[in-house]
Amino acid sequence: MLALPLEILEEIWSKKQLDEKDLAHLANVCSRFRNVSNSNEVWKNKLRQRWPKSYSACIQYSKMTDWKRSYHHRLVFHRTVQQLVSCMSAQNFHKEDLSHTDFQQFTDMMSAYETGTSFLVDELMGILKDQKIHENLTEKYYAEKVLRHVRHCHLKRELQEYLKLQDKMQLPEKGASLLSQWCQPVNAP
């Protein structure tokens, strides 16, 4: 392995079968493996593999080229969303319905990051689309409620921008599309 060129090692390290824990273990083997494990290209591939939908948002908004840092930033975001959704049942089980204040942490996350809405939608859809259909139903229930809130917040801004346009610029199709997304926020693209 030590005789292989750097590009080949990066290709091996970039395989989907290796996760961030594996890379940390490999980095402890020797200085050459540590260099490969810290390769920007490897972390860019890891980010794309783990969060393919968020990857395009990272590319679009990111001014950073440190992909390892971006990956870890996204991983912290992932864990935070998972934790917040899992705690919602304990905090809100006695309520019939949730108010805007119950979603404040998610609203703050949307505002704190340029890609916050995209990341949140990606994480919430991940919870809802979990392969285990009959498991984590409470988390799925709250994830759907949060997703509805997040999409409504995002659509509210889009609708306000649309309504600011001159009458000639307001396309009926665009207005109908926004209205449809508002009525079905969980199924919206």
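Which side chains meet in a salt bridge with Arg74 or Asp122? In this predicted model, the two pair with each other, with an N to O distance of 3.1 Å. The bridge ties together distant parts of the chain, since Arg74 sits in helix 6 and Asp122 in helix 8 (residues 116-128), 48 residues apart. Both of these charged residues are buried. They don't act as an isolated couple either: salt bridges with shared partners join Arg74, Asp122 and Glu123 into one network.

A search of the whole structure turns up nine salt bridges, and two others are worth a look here. One is formed by the side chains of Asp102 and Lys95, at 2.6 Å from N to O. Asp102 has a relative accessible area of 16%, which is under 20%, so Asp102 counts as buried. Its partner Lys95 comes out at 34% relative accessibility and is therefore classed as partly exposed. The other bridge brings together the side chains of Lys145 and Asp97, at 3.4 Å from N to O. Here too the pair links distant parts of the chain: Lys145 belongs to helix 9 (residues 137-164), while Asp97 lies in the loop between helix 6 and helix 7 (104-112), 48 residues away. Lys145 is partly exposed, at 24% relative accessible area. Asp97, at 54%, falls over the 50% cut-off and so counts as exposed.

Now to helix 2, which spans residues 20-27 and has Glu20, Leu23 and Ala27 as its buried residues. Looking down the helix axis, these buried residues fall within an arc of 55 degrees, so they line one face of helix 2. Lys21 and His25 are exposed and sit on the face turned away from that buried side. What covers the buried residues includes helix 1 (6-13), helix 3 (31-37), helix 4 (40-50) and helix 6 (67-92). At the start of helix 2, a side-chain oxygen of Asp19 comes to within 3.1 Å of the backbone nitrogen of Lys21.

Helix 3 contains Ser37, a residue that ties in with the buried side of helix 2. With a relative accessibility of 2%, Ser37 counts as buried. Its side chain makes a polar contact with the side chain of Trp13, at 3.0 Å. Leaving aside residues up to four places away in sequence, Ser37 touches Trp13, Leu23, Leu26, Ala27 and Trp43. Two of the buried residues of helix 2, Leu23 and Ala27, thus appear among the contacts of Ser37.

What about the nonpolar interior? The largest nonpolar core holds 23 residues, and Val85, Leu120 and Leu124 are the ones that touch the most other members. Helix 6, helix 7, helix 8 and helix 9 each put at least two residues into this core. Val85 shows what such a position looks like: not counting residues up to four places away in sequence, Val85 touches Phe106, Leu124, Ile127, Glu139, Tyr142 and Ala143. A second core, separate from this one, is made up of 13 residues, among them Val42, Leu47, Tyr71 and Leu75.

How values were computed: Residues numbered from 1 in each chain as written. Predicted model: local features only at pLDDT ≥ 70, side-chain atom pairs only at ≥ 80, totals over all residues. Heavy atoms only, no water. Buried < 20%, exposed > 50% of the residue type's maximum accessible area, 1.4 Å probe, protein only. Helix = DSSP H or I, 4+ residues; strand = E, 2+ residues; numbered from the N terminus. Arc of directions from axis to C-beta. Contact = heavy atoms within 4.5 Å. Polar contact = N/O pair within 3.5 Å; in protein donor to acceptor, adjacent residues only side chain to side chain. Salt bridge = Lys/Arg side-chain N within 4 Å of Asp/Glu carboxyl O. Core = buried A, V, L, I, M, F, W, Y, C linked by side-chain atoms within 4.5 Å.
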